[in-house]
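Grab a coffee and open the viewer. Here are some exercises to work through with the structure beside you, each with a solution to check yourself against.

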Amino acid sequence: MTLAVRYKAARTLDTAVVEPAAPGPGEVELAPAYVGICGTDLHIFHGDMDARVAAPAVLGHEMSGRVTRVGPGVEGWAPGDAVTVMPLRWDDACPACLKGHQHICQRLDFIGIDSPGAMQQRWTVPASTLIGLPDELALDRAALVEPTAVAVHDVGRAGVAEGERVVVVGGGPVGVLIALVARAAGADVRVVEPSAHRRLLAQELGLTAWNPADDDVPALVGEWTGEAGAEVAFEVSGAAGGVDTAVDVLGVRGRLCLVAIHPRPREVNLHRFFWRELTLVGARLYDRSDFGRAVALVADGTIPADRLISKVVPLTEAAAAFEALEGGGDVMKILVDCTGADGDTDGVDDARGAAV
């Protein structure tokens, strides 16, 4: 038996004892060590995804952990291996897959949303979803590989090049990760974020951050760029005002990369798109190459994962962590420790933040 955090109904989570699924052919059983709570998890917690999520549902897809058992036919993995998971299962038959875009399969199973996730002490997944981790990478930091892969994909979709001016609208966890990945690609980056706490963290990481409540962001971009405008803007806020800002800061033939999930249609200044020949691109999820790059960026410290982790809570306190994240501004990333109060994972080495 194993403990799992389950979504039951809007704003209702429980921690229950469940029977772990034994790994079948092509599957592996994992002992999750740390699981991050992301914005999508909060949407589920609020009841916004009830049409898609079948309660009771085990949440979580940002994770790190170790292999405990391998199913028949699995090669290349053994108990004790440190891994994260690319939580996508596609059908290889839909039009998107046939065009080579499996990560946006039209019948995609996003593991942790459409099927049971990682916020449990034992988790069985297809071996094909595993991403190996270097032994020297601490598993708490490795839990940020998945959101870093999101940022890598976003920066790639926007085509960010060395020397370009980039504005990231929204300085939450994904926004800061995008800013850091864009900076690593050689871009000059500005972050727009109303939370003083998040602006301070961005500044401590060497990023320039502006407050949209007090600063005239388009005017500041004009000063910064000699009135040319930014080459790229990322909309990560999910707010109507964020969309306006992201459009307004772009120069001629600028690219707007839409990252945030907007639950309702937004008004967009299409005249600006016409007048400046702007481009809008969507960015959703990632592929295996994005994960490979993300592992390298977290492992070499380009992504200072330890600075982005605000708190680590035990599995039994996950519900309180969701409530703490609702305030948003004073926290960045909260991790759920799935190893148990004493760190015991039934023979798997304790992974609590240590390199092994």
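The exercises below are about a predicted model.

**Exercise 1. In what order do the 6 strands of the open sheet come, and which strands are at the edges?**

Solution.
- Step 1: Read across the sheet. The order is E13-E12-E11-E14-E15-E16, and the pairing is parallel.
- Step 2: Look for strands that pair on one side only. Those are strand E13 (208-210) and strand E16 (279-282), the edge strands.
- Step 3: Check the twist. Neighbouring strands of this sheet are turned by 20° against each other on average, with direction ignored.
- Step 4: Zoom in on one pair. Strand E11 (residues 165-169) runs parallel to strand E14 (residues 230-235), and 4 bridges join them. Valine 166 sits opposite valine 232 of E14.

**Exercise 2. Find helix H7 and helix H8. Which strands does each lie across?**

Solution.
- Step 1: Take H7, residues 217-225. Helix H7 lies across E11, strand E12 (188-192), E13 and E14. Its direction makes about 165° with E11.
- Step 2: Now H8, residues 240-248. This helix lies across E11, E14 and strand E15 (250-258), at about 145° to E15.
- Step 3: Put the two lists side by side. E11 and E14 turn up in the list for H7 and again in the list for H8.

**Exercise 3. Work out how many residues of helix H4 are buried, and what span the helix reaches.**

Solution.
- Step 1: Start with the span. H4 (residues 145-158) has 14 residues and reaches 20 Å from its first C-alpha to its last, close to the 20 Å expected at 1.5 Å a residue.
- Step 2: Apply the cut-off, where buried means under 20% relative accessible area. The buried residues of H4 include Val145, Glu146, Pro147, His153, Asp154 and Ala158.
- Step 3: Draw the conclusion. Since 12 of the 14 residues are buried, H4 is largely enclosed by the rest of the structure.
- Step 4: Look just past the helix. Glycine 159 has a positive phi of about 65° there.

**Exercise 4. What covers the buried residues of helix H5?**

Solution.
- Step 1: Check the helix itself. H5 (residues 173-184) has 12 residues, which should span 16 Å at 1.5 Å a residue; its end C-alpha atoms are 17 Å apart, which agrees.
- Step 2: List the buried residues: Gly175, Val176, Leu177, Ile178, Ala179, Leu180, Val181 and Ala182.
- Step 3: See what packs over them. The cover includes H4, E11, E12, E14, helix H10 (288-299) and helix H11 (305-308).
- Step 4: Move on to what follows H5. Glycine 186 has a positive phi, near 100°.

**Exercise 5. Where do arginine 11, glutamate 277 and proline 56 lie, and what is unusual about their backbone?**

Solution.
- Step 1: Recall the background. Most residues other than glycine have a negative phi, and most peptide bonds are trans.
- Step 2: Arginine 11 goes against the phi trend, with a positive value near 60°. It is in the loop between strand E1 (2-9) and strand E2 (12-18), and at 45% relative accessibility it counts as partly exposed.
- Step 3: Glutamate 277 also has a positive phi, about 50°. This residue lies in the loop between helix H9 (270-276) and E16, and is partly exposed, with a relative accessible area of 44%.
- Step 4: For proline 56, look at the peptide bond. A cis bond joins alanine 55 and proline 56, with omega about -5°. Proline 56 is found in the loop between helix H1 (39-45) and strand E4 (57-58).

**Exercise 6. Is strand E18 largely enclosed or open, and which strands pair with E18?**

Solution.
- Step 1: Count the buried residues. With 5 of the 5 residues of E18 (residues 333-337) buried, the strand is largely enclosed by the rest of the structure.
- Step 2: Sort the side chains. Lys333, Leu335 and Asp337 point one way, while Ile334 and Val336 point the other way.
- Step 3: Find the antiparallel partner. Strand E3 (residues 27-36) is joined to E18 by 3 bridges, and glycine 36 has leucine 335 as its bridge partner.
- Step 4: Find the parallel partner. Strand E17 (residues 309-314) pairs with E18 over 5 bridges, with valine 313 opposite valine 336.

Key:
Residues numbered from 1 in each chain as written. Predicted model: local features only at pLDDT ≥ 70, side-chain atom pairs only at ≥ 80, totals over all residues. Heavy atoms only, no water. Pairing = 2+ DSSP bridges. Helix = DSSP H or I, 4+ residues; strand = E, 2+ residues; numbered from the N terminus. Axes fitted to C-alpha atoms, helices over the stretch in contact; angles between N-to-C directions. Contact = heavy atoms within 4.5 Å. Buried < 20%, exposed > 50% of the residue type's maximum accessible area, 1.4 Å probe, protein only. Expected span 1.5 Å × (residues − 1).
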